[in-house]
Amino acid sequence: MSPAELAIHIRRLHKTSSCFDDTSLLADDEAMRLNEPAKRLLDEAGVPLHLIPVAEGGQLSNMQNLMLVLRAVCAKDMSFGLGYILTTFMAATNLWIAGNPIQRDMFSSLLRQGKKIAIAYHELAHGNDLNANELTAQVVQGGFILNGRKEVINNAALASAVVLYARTGETYDTASHSLFFVWLDPLPIGCRILSRFRTHGARTCHITGFEFSNCFVPSACLMGNIGSGFTHASKAFQLTRAVLPGVSLGVVDHALGMTVRYSATRKLYGGTVLDIPYVRAVLAEIFLELCIADRLTRAMSACIHLFPAQMSVYGALCKYIVPRRMMHALRQLSTVLGAAGYVCTGTTGLFEKILRDYPVLSLGHASSRTCEAIVAAQLGPILKRQPSEPDPNVISHVYRTFEAGPLEPRALRVASMQADPLLASTKLWPEKLRERLNGGQLKQNQFVLLNEIAGNLTSAIEDLKVMEIGANAPHIGHIVERYALLHCGVALLNAWIYAEHEETSLSCEIVTGGLGMIDAHLHRRPFVLDLGLEEKIISHLLAKSMNSEPVI
Amino acid sequence: MNRLLEITHRFETRFLSPVFPEADFSFQKSLERDHAGVFPQSVISQINEWGGCSYYVPTHQGGRLSQAQDLFQLLRLMARRDLTVTIAHAITLLGSMGIWIAGTPLQKKDMAAAILDGKPVALGLTERLHGSDLMATACLATASNGAYLLNGEKYLINNATQCALMTVFARTAALGTGRDFSLFTVSKAELGSREYREHPKIRTHGVKGADISGIQFVNALVSETALIGKQGHGLEIMLKGLQLTRTFCTAFSSGVVDTALRMAADFARHRPIYGKTLWDLPIIKKILAQAATDVLIVELVSLFSHRAINVIPEQMSIVSAIAKAAVCVRAEQTVEDLSDVLGARSYLEDDGPYGVFGKLRRDIRIISIFDGSTVINLHALLQQLPQLAKFRQRTPSPDANDARMSELFNIESTSAELDFDRFRLANSNRDRIVDTLSGVSDQISRLNGLSAMVAEQLQTAVTKLKTKLAEIDSWLLAQPLSGRHPTKFHFDQALQYCRIFCAAVCLQAFIESRHVMHHSCQDGFWLSACLTRLLDLDLENPEPMLNVLDLAVKEGRMISVFSMPLAESFQDATR
């Protein structure tokens, strides 16, 4: 199955298979158990093959396609998705970056057998401070001796192999650690699994850890060179940071659909909840947020291939802004649902689980705040560099449905060195908009409006370039937010300009509405959506949600 | 102030530090009960033995309730430990409110006796199909031979199965007016077993041990003497009661958010990272400083809204709506922001010192839902804002020295006893609290010992606040509410108004109560930070707020502008 077909198939399974029923998912959450029937269905559909590159006999063509498949997998239950495939995906990124052909072959073989692979970076004592991690791999004849612990590791007890980050040097710097691909089936002597952690959300995930005591692993386990662990990790994180936010949109889409259905049927104050203007405005705005996040994350996943050297900041940007906006959207939905969003039963019972599960996205490979700091550290130099002339052909590939591939890990960089190519693409806007006007895709009044908005965004970008951007300046958080919002605006407008012929393209009206919302966020003022557009969005939401179809 | 300290000392001495895992009213035990979904009966019994119920009964009925601020402190002392316990215990306060407002002397006497005897009282208000739409209430009370027959269901009712008594909101007419409803006190002991059925506990996102359940009445015979106030006055009594109970909810928020910040600060101080501690990282400083500012805003708005119950009860229709809308969401957001400080530990629920954080996150969400959601409170506020705006436009400089505002905001002044007869369904035509902004510049300039920098920051903030207020007033007068439902922009404007109210509270608190504030708050930097935050601007310098926070945590005090020592200060807390 192609990625698009697979996504459709998975969504069909969500509607037709009892193991994906709300009641069943809630029961799994309460019992803290894995959804084995769902795993079998998705294995049969060939989902794990989408983590194996085409060149290695799998189905993985590019990161955007992968993101869309994973989004479908997680659409009703991100906790299930995390346990079933997302953790294995995170492990996979390390294999793609640093695995040798034998290790990649072993990895593929495990995937084909429906096995899980864990990823063990995290130590409770050190969190995001990777260089301080203490688990040690001491060089000995023929291999390494492992000593130490990794905690809060998903699937440690269930995985057949693990990507392990271990200290091989004594210093506190970026050359002190190495990556290992360790076989766990059977568990090596001297390795034990820690007891299970109970968590606020993602309760179906089996989260434990490892303790190694004089555990020997052969040299063949080393991934890349000794001391290259941090470099590989930095690059692997760029991939997960760019892809996972886009994956998470499925479950927010689902929560929105659930809230629309509830609002349309719940009677209050002489009408339905959906008759209340405040509710309509909130739901319509969340739809716009989803559209924006969708366009941004599609673009970022395409940039992994097209602008790999930029991914250190692009990945962090994506993981900074998208979870923030989506958590805000979920909280807004909970104000519409009221008490219905607080109980664990009924047609909206899944909502409170979604609210608990969603933050797990920010626990793996850097929270929004950490990503804010990563962007902040690189933003000043990036904005000061003079960009090269934007190539419309390349830019169009960022914003269209991405069909190229494959991943070129060697093109990734630990830090972003170039000027921002996507912001540079705004130079093409006047010409592109005029082309659309002349080609009849834009009416005169729409052209005037879009031109004005484009002008505002371009000015805001220029303003950003002349700001004092020190990584520790008091307003740096505000500046990073502006930078991310500008990227959202660029993604939305470029998606319309370059991809308007596609099936999934957005209307000019929606793009104008979305850009208006971004403008309001940029200026920290309340946003008022045009009532005509609001009406159209609500109709769209009703049509989709009543058929349990995704809204984006 | 002494009253608050006395309650604090007695309560904290009795229940010990919540960090001690063995204590019943500890974080660890609260988490265990939460995981098991167990009703916290033993803690409730201990609170009763301590005399907690007496604070729910007015002094002239043999209890201790005369100053609402006492409830503020008690409720937040409970909530900082366990919101499940708090709502399971304090529901009696909510359930009995109607009797104090409109009951006969005999009804009050009986209710007082029941409460002082530890009998739980519930409030049967909402229904499965109608939620917060009270006008659609279907539970029927039909007059029958000098009594009433009660039929219908109440759903998502706190303590429905645990309670001995329930105040039930029922329909006694169907004329489509506000006089269609009446309130009754129903005693389960006086009902036959066929006259009611209990709906078992409903599983909830948070407060998992609470008894959120339901009750169905089936031809339940209820005597005439159970009617509270007059027939048809149920809605009026209920709305007045909600003015109090909404305010009490803000005390819950104040308690929970204090614990969340205390934990995050403690974690940050001790967590090594990148060769320093988490506390040293600029981004963490920013989060903690913002959170500390929010905790102070929450505290002050809650505290002075409670004091307003005694001092300006006729204004409580707007004060309670603003307080609930402003405080509860802010506290919720603060807890979410603090999860960034705790990182992975915000997600793990173990028996470590931070294991209860996830429970706080789940629990706090209920506060902005019950007793009138944020939207409902903003809607209620919007009905009245245009009148308040008109007053300000007609009277740009109202009374320069409003004696009642001095009494309200001077925490050392003891007000007249709580008078349940003075609550009004609608505010008089002015908002005395926000109106203090017109004279506050002069008040600031008369303050002694204020640095020029802080004075200037405060004056600049006041100017901005007044400008925003004038904009909101003009907009609201130009865009009257047409039809039944406001637009989202109306709600945004109402929220802005709430922020201005909060700013006015913080300013007056400093002006009138500065002399009893903790020494770290005498300089007014905290006030400047609060106003900055309420104006939706970034804090320039986090250090002053970090200092206030750090001292409060190290000294085992509530994170407050006042010095309120907790059990953490007079016992060694184990780490």
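**Note on charged and aromatic side chains in a predicted model**

1. The side chains of R331(A) and Q333(B) are joined by a polar contact of 3.1 Å. The model is predicted, and every remark in this note should be read with that in mind. R331(A) belongs to helix α9 of chain A, which covers residues 311–337. Leaving aside residues up to four places away in sequence, R331(A) touches Q333(B) and E336(B).

2. Is R331(A) buried, and what is its nearest side chain of opposite charge? R331(A) is buried and yet has no salt bridge, the nearest side chain of opposite charge being that of E336(B), 4.7 Å away. Since a salt bridge is counted within 4 Å, the distance of 4.7 Å between R331(A) and E336(B) does not qualify. The polar contact of R331(A) with Q333(B) should accordingly be kept apart from the salt bridges discussed below.

3. Over all chains, the whole structure contains 64 salt bridges. One of them joins D43(A) to K39(A), with the closest N and O atoms 2.5 Å apart. These two residues stand four residues apart in helix α3 of chain A (residues 36–44), so about one helical turn separates them. Their exposure is not alike in class, for D43(A) is partly exposed at a relative accessible area of 23%, whereas K39(A) counts as buried at 16% relative accessibility.

4. A salt bridge in chain B connects R76(B) with E299(B), the closest N and O atoms lying 2.9 Å apart. This pair links distant parts of the chain, since R76(B) sits in helix α4 (residues 68–79) and E299(B) in helix α8 (residues 282–311) of chain B, 223 residues apart. R76(B) counts as buried at 1% relative accessibility, and E299(B) is likewise buried, with a relative accessible area of 1%.

5. Chain B also has a salt bridge between E153(B) and R128(B), whose closest N and O atoms are 2.8 Å apart. It too links distant parts of the chain, with E153(B) in strand β3 (residues 147–158) and R128(B) in the loop between β1 (121–124) and β2 (140–144) of chain B, 25 residues apart. E153(B) is buried, with a relative accessible area of 19%, while R128(B) is partly exposed at 36%. In chain A, a network of salt bridges links R71(A), D294(A), R295(A) and R298(A).

6. Turning to the aromatic side chains, there are 23 aromatic pairs over all chains. Why is the pair of F210(A) and F212(A) described as stacked? The ring centres of F210(A) and F212(A) are 5.7 Å apart and the planes stand at 25 degrees, so the pair is stacked. Both F210(A) and F212(A) are buried.

7. The aromatic pair of F252(B) and F370(B) is edge-to-face, with 6.3 Å from centre to centre and 70 degrees between the planes. It links distant parts of the chain: F252(B) is in helix α7 (residues 234–270) of chain B, and F370(B), 118 residues apart from it, is in the loop between α10 (357–364) and α11 (374–394) of chain B. F252(B) is buried at a relative accessible area of 2%, and F370(B) also counts as buried, at 18% relative accessibility.

8. One aromatic cluster is formed by F11(B), F15(B), F25(B), W50(B) and Y55(B). The ring of F25(B) has the charged end of R81(B) sitting over it, 5.4 Å from its centre. A second such arrangement in chain B places the charged end of R269(B) over the ring of W279(B), 4.1 Å from its centre.

9. Some points concern the backbone of chain A. D185(A) and P186(A) are joined by a cis peptide bond, with omega at about 10 degrees, and P186(A) lies in the loop between β5 (177–183) and β6 (191–193) of chain A. M32(A), although a residue other than glycine, has a positive phi near 55 degrees, and its place is in the loop between α2 (22–31) and α3 of chain A. S548(A), also a residue other than glycine, has a positive phi near 50 degrees; S548(A) is found in the segment after α18 (531–546) of chain A and counts as partly exposed at 41% relative accessibility.

How values were computed: Residues are numbered from 1 along each chain as its sequence is written. Chains are lettered from A and ligands numbered from 1 in the order in which they are written. This is a predicted model: local features need pLDDT of at least 70, side-chain atom pairs count only at pLDDT 80 or more; totals for chains, interfaces and linings use all residues. Side-chain values use heavy atoms; hydrogens and water are left out. Buried means under 20% relative accessible area, exposed over 50%, partly exposed in between (1.4 Å probe, protein chains only). Lys and Arg count as positive and Asp and Glu as negative; His and the chain ends are not counted. A polar contact is a pair of N or O atoms within 3.5 Å; within protein, one must be able to donate a hydrogen and the other to accept it, and residues adjacent in sequence count only if both atoms are side-chain atoms. Contact means heavy atoms within 4.5 Å. Rings of Phe, Tyr and Trp (its six-membered ring) pair if their centres lie within 6.5 Å; planes under 30 degrees apart count as stacked, over 60 as edge-to-face and the rest as tilted. A charge sits over a ring if NZ of Lys or CZ of Arg is within 6 Å of the ring centre and within 35 degrees of the ring normal.
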